[in-house]
Amino acid sequence: MAGVGKSGASPYGVAPYEQGPTEEYMNAAQEAHFREILLNWKRSLMEEVDRTVDHMQDEATNFPDPNDRATQESEFSLELRIRDRERKLIKKIDEALERLENHEYGYCEACGVEIGIRRLEARPTATLCIDCKTLDEIREKQRR
């Protein structure tokens, strides 16, 4: 999902931020940049939800053949699982927007250091710096 396409824009429809060498971290321009990314991403997800609802209403057919019915139910089930994941992602986006409003965005929730512009562009909902995220993943593997 992350990365820069051939056009130079991120998947969120916003060009990567060019940080100046003496620019203060998470200044107003950077906050505006990430607000735009998060709002574009949320808008895109909400549009997909609307398309799914429309599609499911339009395609809901009572097929006489049990195999066709089972296939349709399986497709609908998959779509609903995807939308549920997106609903959870929208919640994370809303939380990130709230952190932006409180000027807490871009700082690790575990240790307080800067998460970094490039990491946030790759994962705008990130709440941990790369070091804390790596430790978190190591702990998770040990619990399994």
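A salt bridge is a side-chain nitrogen of Lys or Arg within 4 Å of a carboxyl oxygen of Asp or Glu. In the predicted model examined here, lysine 91 and glutamate 95 satisfy this criterion, with their closest N and O atoms 3.4 Å apart. Both residues belong to helix H2, where four positions, about one turn of the helix, separate lysine 91 from glutamate 95. Lysine 91 is exposed, at a relative accessible area of 52%, whereas glutamate 95 is partly exposed, at 36%.

In total, ten salt bridges were counted. A further example within helix H2 joins aspartate 84 to lysine 88, with an N to O distance of 3.5 Å. Aspartate 84 and lysine 88 are likewise four residues apart, about one turn of the helix. Aspartate 84 is partly exposed, with a relative accessibility of 29%, and lysine 88 is also partly exposed, with a value of 48%.

The salt bridge between glutamate 86 and arginine 83 has its closest N and O atoms 2.6 Å apart. Because these two residues of helix H2 are three positions apart, about one helical turn lies between glutamate 86 and arginine 83. Both partners of this bridge are buried: glutamate 86 has a relative accessibility of 15%, and arginine 83 has one of 14%. Glutamate 86 and arginine 83 also take part in a network of salt bridges, which links them with Glu48 and Arg51.

Aromatic contacts were examined next. Three aromatic pairs were found in the whole structure. Tyrosine 25 and tyrosine 107 form an edge-to-face pair, with a centre-to-centre distance of 5.3 Å and an angle of 85 degrees between the planes. This pair links distant parts of the chain, since tyrosine 25 lies in the segment before helix H1 (28-59) and tyrosine 107 lies in the loop between helix H2 (66-101) and helix H3 (117-122), 82 residues apart. The two tyrosines fall into separate accessibility classes: tyrosine 25 is buried, at 8%, while tyrosine 107 is partly exposed, at 30%.

Phenylalanine 34 and tyrosine 105 form another pair, with ring centres 5.5 Å apart; because the planes meet at 50 degrees, the pair is tilted. Distant parts of the chain are again linked: phenylalanine 34 is in helix H1, tyrosine 105 is in the loop between H2 and H3, and the two are 71 residues apart. Phenylalanine 34 is buried, with a relative accessibility of 0%, as is tyrosine 105, with a value of 1%.

Phenylalanine 34 and tyrosine 105 appear again in the nonpolar interior. The largest nonpolar core contains 25 residues, and those with the most contacts inside this core are Met26, Phe34, Leu38, Ile93, Tyr105 and Leu120. Helices H1, H2 and H3 are the elements that give two or more residues to the core. Of these, H2 gives the most, with six residues.

The surroundings of phenylalanine 34 were then considered, with its neighbours within four places in sequence left aside. The remaining contacts of phenylalanine 34 are with Met26, Leu100, Tyr105, Ile117, Leu120 and Glu121. Among these partners, Met26, Tyr105 and Leu120 are themselves listed with the residues that make the most contacts inside the core.

Note on methods
Residues are numbered from 1 along each chain as its sequence is written. This is a predicted model: local features need pLDDT of at least 70, side-chain atom pairs count only at pLDDT 80 or more; totals for chains, interfaces and linings use all residues. Side-chain values use heavy atoms; hydrogens and water are left out. Rings of Phe, Tyr and Trp (its six-membered ring) pair if their centres lie within 6.5 Å; planes under 30 degrees apart count as stacked, over 60 as edge-to-face and the rest as tilted. Buried means under 20% relative accessible area, exposed over 50%, partly exposed in between (1.4 Å probe, protein chains only). A nonpolar core is a set of buried Ala, Val, Leu, Ile, Met, Phe, Trp, Tyr and Cys residues joined through side-chain atoms within 4.5 Å. Contact means heavy atoms within 4.5 Å.
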